[in-house]
Amino acid sequence: MVLCESVAETGQVAAEIFASRIEQGPCVLGLATGSSPLPVYQYLIRRYRESGLSFAQCTAFTLDEYVGLQPYDSRSYRATIRDEFVGHVDLPTRSLHSPDASDPDPRALRHAAAAYEETIRLAGGIDVQLLGIGANGHIGFNEPSSSLASRTRIKALTQQTREDNARFFGEDETVPKLCLTQGLGTILDSRHAVLVAQGEAKADAVAAAVEGPVSSACPASVLQLHPHATVILDAAAASRLQ
Ligand code: F6R
């Protein structure tokens, strides 16, 4: 665990973990969307611009995607990750993968989920997986009660998650109810999991994940079983740790 003095420092510490793996040669990155990873992406973009950190040999996989949004929809996580990170560095567009959740037909979604797992496997697995945490302890969109062994699949978003993410949608738009998300088992397979959390709203979830029992009630607690997990917190997110 790394305790940081500022939000910016959480970004720098996580980004340096990514940078040192990227500098070793071709690698597979796992990317998260949302507010928590933004300082990480900002720092990585700076490293690309100012010190020539190249992503040309990287492959990237996003964690999750809303069902029913087309990849070019600005609210899709694929578009978001392009706008906030990948589009600002030299990671080739063909090397960015995300679950294809555009067709809401359940059979198409099951097929897309299995295909995503296979694409990750064929890429050799994820070397470094960036994670945020939901106020209810979710990672990816593995909401409480998710199986600790789950793989990429269709998942219903909780009302709280839909409300938390309503800020990315217009007032007259509804937040999708379903998503495709990598499973907790998929995340456990990554070689290094890096979770970043900032702010008091995450403090209870962080305490449950780090100090509570390993339980599907707090999906992030599965990281206690991960052989190489790093949790990077600012003071507010760490404030309920014993
Ligand atoms: C997003 C994701 C989610 C978020 C979590 C925290 O791809 O997988 O688990 O990381 O909801 O979101 P923020 O960072 O916006 O508080």
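Me: Two residues are in contact if their C-beta atoms, placed from the backbone, lie within 7 Å. With that in hand, what do the buried residues of α7 pack against?
Reply: They pack against β9 and β10. This is a predicted model, where local features need pLDDT of at least 70, side-chain atom pairs count only at pLDDT 80 or more, and totals for chains, interfaces and linings use all residues. Residues are numbered from 1 along each chain as its sequence is written.

Me: Which residues of α7 are called buried, and what makes them so?
Reply: In α7 (residues 203-211) they are Ala-205, Val-206, Ala-208, Ala-209 and Val-210. A residue is buried if 20 or more other C-beta atoms lie within 10 Å of its own, exposed if 12 or fewer, and partly exposed in between, with C-beta atoms placed from the backbone. These five are called buried, so each must reach the upper cut-off.

Me: What makes α1 a helix, and how does its span look?
Reply: Helices (H or I, at least four residues) and strands (E, at least two) are DSSP runs, numbered from the N terminus. α1 covers residues 7-22 and has 16 residues, so the length requirement is met. The expected span is 1.5 Å times one less than the number of residues. That gives 22 Å for α1, and its first and last C-alpha atoms are 23 Å apart, close to the expectation. Its buried residues are Thr-10, Gly-11, Val-13, Ala-14, Ala-15, Phe-18 and Ile-22.

Me: How do you know that β9 and β10 pair?
Reply: Two strands pair if DSSP finds at least two bridges between them. β9 (residues 192-197) and β10 (residues 229-234) have 5 bridges, so they qualify, in the parallel sense. Leu-195 has Val-231 as its bridge partner, and Ala-197 stands opposite Leu-233.

Me: What joins β9 to β6, and how many bridges has β6 with β2?
Reply: β6 (residues 128-131) runs parallel to β9, and 4 bridges join them. Leu-130 is opposite Val-194, and Leu-131 is opposite Leu-195. β2 (residues 27-31) is also parallel to β6, with 2 bridges, so this pair just reaches the requirement. Gly-30 has Gln-129 as its bridge partner in β6.

Me: What is the strand order, and why are β1 and β5 called edge strands?
Reply: The open sheet has 7 strands in the order β1-β10-β9-β6-β2-β3-β5, with parallel pairing. β1 (2-4) and β5 (96-97) each pair on one side only, and that is what an edge strand is here.

Me: Which way do the β6 residues point, and how covered is β9?
Reply: In a regular strand the side chains alternate between the two faces of the sheet. In β6, Val-128 and Leu-130 point one way and Gln-129 and Leu-131 the other, and all are buried. In β9, 5 of the 6 residues are buried.

Me: Why is Val-214 called partly exposed?
Reply: Val-214 has 13 other C-beta atoms within 10 Å, a count between the exposed and buried cut-offs, so partly exposed it is. Val-214 is in the loop between α7 and β10. Leaving out residues up to four places away in sequence, Val-214 touches Ser-221, Val-222, Gln-224 and Leu-225. Gln-224 is 10 residues along and 6.9 Å away, C-alpha to C-alpha.

Me: Why do Ser-35 and Ser-145 count as exposed?
Reply: Ser-35 has 12 C-beta neighbours inside 10 Å, so it just makes the exposed cut-off. Ser-145 has 10, so it makes the cut-off as well. Ser-35 is in the loop between β2 and α2 (38-51), while Ser-145 is in the loop between β6 and β7 (153-156). Ser-145 has a phi near 90 degrees, a positive value in a residue other than glycine.

Me: Which residues come nearest to the ligand, and how is the shell made up?
Reply: A residue is near a molecule if its C-beta atom, placed from the backbone, lies within 6 Å of it. There are 15 residues around the ligand, and Thr-33, Gly-34, Ser-35, Ser-36 and Gly-132 come nearest. The shell divides into 6 nonpolar, 8 polar and 1 charged. Ala, Val, Leu, Ile, Met, Phe, Trp, Tyr, Cys and Pro count as nonpolar, Asp, Glu, Lys and Arg as charged, and the others, Gly among them, as polar.
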